[in-house]
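Here are a few exercises to work through with the model open beside you. Try each task before reading its solution.

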Amino acid sequence: MSEISPRRIIIGDVHGYYQGLMTLLAEIAVTSTDEVYFLGDLIDRGPQSAQVVNFVKENNYSCLLGNHEQMLLSVVGNKSSSNQTMHAWLYSGGQATIASYQTAQIPQDHIDWFESLPIYLDLGDVWLTHAGVDPDKSVSEQTADDLCWIRDEFHSLQQPYFQDKLIIVGHTITFSLPGVAPGQLAQGQGWLDIDTGAYHPRSGWLTGLDITNKLVYQANVFNHCVRTLPLEKAVSIVEPKKVKVSNRHKQRA
């Protein structure tokens, strides 16, 4: 079957791996007619966060607020932030982000851009957000913390949150969910997680999903391998009852 064009392409958590992102986009062969969406967490952990942000910003690609951008803003954009907040961000990869800027200072236009990022995008049949939704709240009640940080309560959904939309997320590395191997996508009740852990030594895979043609493109940031798989071959099903629900609503990572 021939592919449908233009495509809607969704990119998982890049985490500062600019060269890996370039390899992935070359494999996807993105054109000017394709719609490209980033799920957030462009920054932290990897060596080239500044370059990733520049690239996404300058190409006017749609991007969501991730928890790592939120952490950056809580430090850089908040003069009353605590040392604890600063250390939490630095520990979570913020030091690598600072080092990726030539002056070791994040420019104001990047800060302004982070502040402009939406916390979700409704594409009709597909609903994008960084982490997931709080199952006990309506869409209008969801907070930035809910959509940027939630994990177990979302992944253990027994019924889809939307009846007519697939929620596509990043944030939680897929192999941390029960029954999912490194590099595989994870699918639950009405949701699909495409954060395959680009920065993690157990994986290295950065994922781009062509949701239009149901194709999964992946580039490994460590060994530079690439691969393309049909979505059904790249996904593992997560059983809700096997997800251990923590007492903590926000699990920072």
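**Exercise 1.** Work out which parts of the chain the salt bridge between lysine 57 and aspartate 109 links, and how accessible each partner is.

Step 1. The side chains of lysine 57 and aspartate 109 meet with N to O at 3.4 Å, which fits the salt-bridge rule (a side-chain nitrogen of Lys or Arg within 4 Å of a carboxyl oxygen of Asp or Glu).

Step 2. Place the partners: lysine 57 sits in helix α2 (residues 49-58) and aspartate 109 in helix α5 (residues 108-116), so the bridge ties together parts that are 52 residues apart in sequence. Helices (H or I, at least four residues) and strands (E, at least two) are DSSP runs, numbered from the N terminus.

Step 3. Check accessibility, where buried means under 20% relative accessible area, exposed over 50%, and partly exposed in between (1.4 Å probe, protein chains only). Lysine 57 comes out at 24%, so it's partly exposed, and aspartate 109, at 38%, is partly exposed too.

A word on the ground rules: this is a predicted model, with local features needing pLDDT of at least 70 and side-chain atom pairs counting only at pLDDT 80 or more, while totals for chains, interfaces and linings use all residues. Residues are numbered from 1 along each chain as its sequence is written, and side-chain values use heavy atoms, with hydrogens and water left out.

**Exercise 2.** Find how many salt bridges the structure holds, then take apart the one between lysine 165 and aspartate 122.

Step 1. The count is six.

Step 2. For lysine 165 and aspartate 122, the closest N and O atoms are 3.0 Å apart. Lysine 165 is in the loop between α7 (152-155) and β6, and aspartate 122 is in strand β4, so this pair joins parts 43 residues apart in sequence.

Step 3. Lysine 165 is buried, with a relative accessible area of 18%, whereas aspartate 122 is partly exposed at 42%.

**Exercise 3.** Do likewise for the salt bridge of arginine 8 and aspartate 125.

Step 1. Their side chains meet at 2.9 Å, N to O. The pair links distant parts of the chain, 117 residues apart: arginine 8 is in strand β1 (residues 8-11), and aspartate 125 in the loop between β4 (120-122) and β5 (126-129).

Step 2. Arginine 8 is buried at 18% relative accessible area, while aspartate 125 is partly exposed at 41%.

**Exercise 4.** Write down the strand order of the six-stranded open sheet, and see what packs on it.

Step 1. The order runs β3-β2-β1-β9-β10-β11, with mixed pairing. Two strands pair if DSSP finds at least two bridges between them.

Step 2. Now for the edges: β3 (62-63) and β11 (226-230) each pair on one side only.

Step 3. Zoom in on β10 (residues 215-220), which pairs with β11 in the antiparallel sense over five bridges. Valine 216 has leucine 229 in β11 as its bridge partner.

Step 4. Helix α1 (residues 18-28) packs on the sheet, touching β1, β2 (35-38), β9 (205-210), β10 and β11. Contact here means heavy atoms within 4.5 Å. The direction of α1 makes about 145 degrees with that of β10; axes are lines fitted to C-alpha atoms, for helices over the stretch in contact, and angles run from 0 to 180 degrees between N-to-C directions.
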